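I opened the notebook to look at two bound ligands and the loop around them. Here is what I looked up, entry by entry.

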Amino acid sequence: MHSLILISTILIVAIWSCLTEEPTKTNLCIEKPERYGKEGREGPPGPKGDKGETGRPADMHRITELEEEIQTLKLSVSNLGKRMPFTYWSRYGQKMFATKNDTLIFKEGIKLCKEANGEIAMPVSAGENDALWQFVKLTGGAYLGVNDMKIEGQYEDFNTGNPVMFTNWRSGEPNDHQSEEDCSEMKSDGTWNDLWCKWSRAIICQFKLI
Ligand code: MAN
Ligand code: CA
Ligand code: CA
């Protein structure tokens with residue numbers, strides 16, 4: 001009976017010491033991974049290194065070139081941001097045309113294109129007219145830059161103020177209907193009509209590539 005109590009006591013102490021990891025630990029314990037103390041503090045700074053090699057002289061020409069490239073890149077990035085609203089794009093020659101699903105009065109259209117660093121679409125050839133026509137088939141009537149706001153009957157390019165050389169008026173147009181039509185639109189058949197500047201029409205902007 002005594003020996004049973006003794007054996008039980010030894011076993012209880014051995015298990016207890018294993019669980020608590022007391023210094024009384026016996027070799028009955030299952031080995032556990034070693035435990036490390038906390039990392040020490042950072043040591044003092046090392047001695048100063050040797051003097052480096054003399055650098056190459058600044059290449060001012062290259063720096064100027066790079067500065068110019070950065071300016072061009074900045075402009076491209078800024079233009080990309082401003083042109084985000086446009087959903088349809090097409091390129092014809094050195095011009096990009098862009099539009100979106102929206103109609104505006106002429107003045108607002110001018111503002112929209114200007115904000116994107118562009119101009120209101122102004123076809124100067126049959127090729128450009130056809131390129132715009134592809135959009136107009138989707139958007140319906142769209143404003144063009146052609147206008148006679150300054151002098152009735154003298155049609156100018158709104159962007160440059162120069163007289164228009166290429167025209168594609170629909171037969172019977174421009175008619176200055178009710179003496180109040182000084183803006184112009186491309187109709188869905190690709191021909192032009194003069195109209196009141198307060199009508200809402202699709203807006204196509206042009207961006208010159210050079
Ligand atoms: C008709 C024609 C056009 C004119 C429009 C105005 O389509 O008379 O010339 O521009 O009406 O709504
Ligand atoms: Ca007119
Ligand atoms: Ca008309």
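First, a term: helices (H or I, at least four residues) and strands (E, at least two) are DSSP runs, numbered from the N terminus. With that in hand, I placed P174 in the loop between β6 and β7.

Housekeeping next. I am working from a predicted model, where local features need pLDDT of at least 70, side-chain atom pairs count only at pLDDT 80 or more, and totals for chains, interfaces and linings use all residues. Residues are numbered from 1 along each chain as its sequence is written, chains are lettered from A and ligands numbered from 1 in the order in which they are written, and side-chain values use heavy atoms, with hydrogens and water left out.

**Entry: the calcium ion**

Which residues coordinate the calcium ion (ligand 2)? I found D148 (OD) twice, E152 (OE) twice, D176 (OD), E181 (O) and D182 (OD), at 2.3 to 2.8 Å. Donors here are N, O and S atoms within 2.8 Å of the metal (3.2 Å for Na, K and Ca); water is not among the atoms, so sites may look incomplete. The donor residues follow the spacing D-x3-E-x23-D-x4-E-D in sequence. D148 and E181 link distant parts of the chain, 33 residues apart: D148 is in the loop between β5 (146–147) and β6 (156–157), E181 in the loop between β6 and β7 (183–186).

I checked burial too (buried is under 20% relative accessible area, exposed over 50%, partly exposed in between, with a 1.4 Å probe and protein chains only). D148 is buried at 1%, and E181 is buried at 9%.

**Entry: ligand 1**

Around ligand 1 I listed E173, N175, H177, E181, N193 and D194 (near means a heavy atom within 4 Å). For polar contacts I took pairs of N or O atoms within 3.5 Å. An oxygen atom of ligand 1 is 2.3 Å from a side-chain N or O atom of E181, a polar side-chain atom of N175 is 2.8 Å from a ligand oxygen, and a backbone N or O atom of D194 is 2.9 Å from one. The protein covers 58% of the 310 Å² of accessible area that ligand 1 has on its own (Shrake-Rupley method, 1.4 Å probe).

**Entry: odd backbone spots**

Most residues other than glycine have a negative phi, and most peptide bonds are trans. The bond from E173 to P174 is cis, with omega near -5°. D176 has a positive phi, near 45°, and S179 has one near 55°. Is each of these two buried or exposed? D176 counts as buried at 15% relative accessibility, whereas S179 counts as exposed at 63%.

Definitions and conventions: Polar contact = N/O pair within 3.5 Å; in protein donor to acceptor, adjacent residues only side chain to side chain.
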